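Trainee: I have a model open and would like to learn how to read it. Could we begin with how packed helices are described?

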Amino acid sequence: MSDAPEPLRDVIARHGLQASKALGQNFILDRQLLARIAAIPGPLDGATVYEVGPGPGGLTRALLDTGAKVTAVERDRRCLPALAELDSAFPGKLTLIEGDALAIDEPATLGQGVHVVANLPYNVGTALLLRWLGGEAWPPWWASLSLMFQREVAERIVAKPGSDHYGRLAVASQWRSSASISMLVHRSSFVPPPKVMSAVVHLRPAPMPPGVSHAVLEKVTAAAFGQRRKMLRQSLKGMPGALDALATLNIDPSRRAETLSVEDFVEVARRLT
Ligand code: SAM
């Protein structure tokens with residue numbers, strides 16, 4: 001552990017870090033809460049951690065305190081002097097990248113077995129998650145993802161069939177990963193407070209069902225949930241072989257997408273792969 005750190009409110013004031021709405025900046029200043037978020041992946045001593053959007057560095061410090069080596073990518077160059085101070089407090093443990101997380105080649109930059117921990121900017125969070133969940137190669141470069149989202153997005157990630165939140169994001173998140181909500185975070189925990197509540201979602205890679213292409217599964221769920229109130233017979237009719245696949249699997253084509261399990265979607269995609 002390092003010496004008692006300066007209150008984050010003072011770090012922000014000293015560096016003039018007025019929160020920018022355009023960059024999705026809602027900072028967490030409570031060190032205890034930040035330590036609880038950093039503990040979600042489990043022990044990180046000696047592990048490689050990737051943080052998107054360190055901002056003034058509160059979560060970054062909590063992660064460094066665990067003994068992890070942290071690589072952090074931040075788009076707002078105003079934050080870099082505050083982050084550079086952390087670099088001096090934890091020599092050799094922090095790698096800072098100034099830039100857009102959407103432009104990072106993660107395996108080339110970070111290697112394998114990486115724990116991703118981030119209080120994501122809301123405007124790019126879902127795009128990043130879908131990218132990290134995508135691709136045909138599995139297991140991925142990440143060993144776990146612990147990500148802050150708006151609560152509504154978190155509920156869509158972990159949703160089960162039959163719920164209003166269940167859709168493409170749930171299938172993409174659950175077909176070869178485990179996904180759970182680790183923590184709800186009240187809006188008053190952020191500066192400035194966002195309009196909605198937040199939650200940290202934790203994902204770990206699971207074995208990938210054999211014989212299924214991620215791209216095909218994506219196409220099936222896009223078609224099925226693109227018209228979620230329609231029967232599958234209608235929503236999948238433009239996809240060659242899809243209705244035959246339903247018949248082979250004894251899935252009634254008058255059902256709607258939200259009633260199919262993740263395994264059902266995987267089976268349909270397997271027959272079209
Ligand atoms: N980690 C800090 C915390 O927990 O207090 C800040 C979190 S704030 C919700 C999101 C951060 O992501 C901001 O610092 C913002 O500048 C940064 N950011 C926004 N868009 C980004 C992008 N495309 N790539 C990298 N960082 C980005």
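Mentor: This is a predicted model. Two packed helices are described by the angle between their axes and by the distance between those axes. Here helix 1 and helix 4 are oblique to each other, because an angle of 115 to 145 degrees falls outside the roughly perpendicular and roughly antiparallel ranges. For helix 1 (residues 8-15) and helix 4 (residues 80-89), the packing angle is about 130 degrees and the axes are 9 Å apart.

Trainee: Which residues of helix 1 and helix 4 make the contact?

Mentor: Helix 1 contributes Val11, Arg14 and His15, and helix 4 contributes Pro81, Ala82 and Glu85. Sorted by class, this contact has three nonpolar residues, two charged residues and one polar residue.

Trainee: Next, the ligand. How many residues surround the ligand, and which are the closest?

Mentor: The ligand is surrounded by 20 residues, and the closest are Ile28, Gly53, Glu74, Asp100 and Asn119.

Trainee: Which polar atom of Gly53 is paired with a nitrogen atom of the ligand, side chain or backbone?

Mentor: In Gly53 it is a polar backbone atom, 2.8 Å from a ligand nitrogen atom. Pro54 also has a backbone N or O atom facing this kind of partner, 3.4 Å from a nitrogen atom of the ligand. With Gln25 the side chain takes part: one of its N or O atoms is 2.9 Å from an oxygen atom of the ligand.

Trainee: How much of the ligand does the protein bury?

Mentor: The ligand taken alone exposes 590 Å², and the protein buries 99% of that.

Trainee: Last, the backbone. What should I look for there?

Mentor: Look for exceptions to two habits: most peptide bonds are trans, and most residues other than glycine have a negative phi. The bond from Trp138 to Pro139 is cis, with omega near 5 degrees. Pro139 sits in the loop that joins helix 6 (122-133) to strand 6 (142-150).

Trainee: Where is Pro192, and what is the peptide bond from Val191 to Pro192?

Mentor: That bond is cis as well, with omega near -10 degrees. Pro192 lies in the loop between strand 8 (190-191) and strand 9 (198-205).

Trainee: And what is phi of Asn250?

Mentor: Asn250 has a phi near 60 degrees, a positive value in a residue that is not glycine. Asn250 belongs to the loop between helix 11 (242-248) and helix 12 (262-272).

Conventions
Residues numbered from 1 in each chain as written. Predicted model: local features only at pLDDT ≥ 70, side-chain atom pairs only at ≥ 80, totals over all residues. Heavy atoms only, no water. Axes fitted to C-alpha atoms, helices over the stretch in contact; angles between N-to-C directions. Helix = DSSP H or I, 4+ residues; strand = E, 2+ residues; numbered from the N terminus. Parallel < 35°, antiparallel > 145°, perpendicular 65-115°, else oblique. Contact = heavy atoms within 4.5 Å. Nonpolar A, V, L, I, M, F, W, Y, C, P; charged D, E, K, R; others polar. Near = heavy atom within 4 Å. Polar contact = N/O pair within 3.5 Å; in protein donor to acceptor, adjacent residues only side chain to side chain. Areas by Shrake-Rupley, 256 points an atom, 1.4 Å probe, with all protein chains shown as cover.
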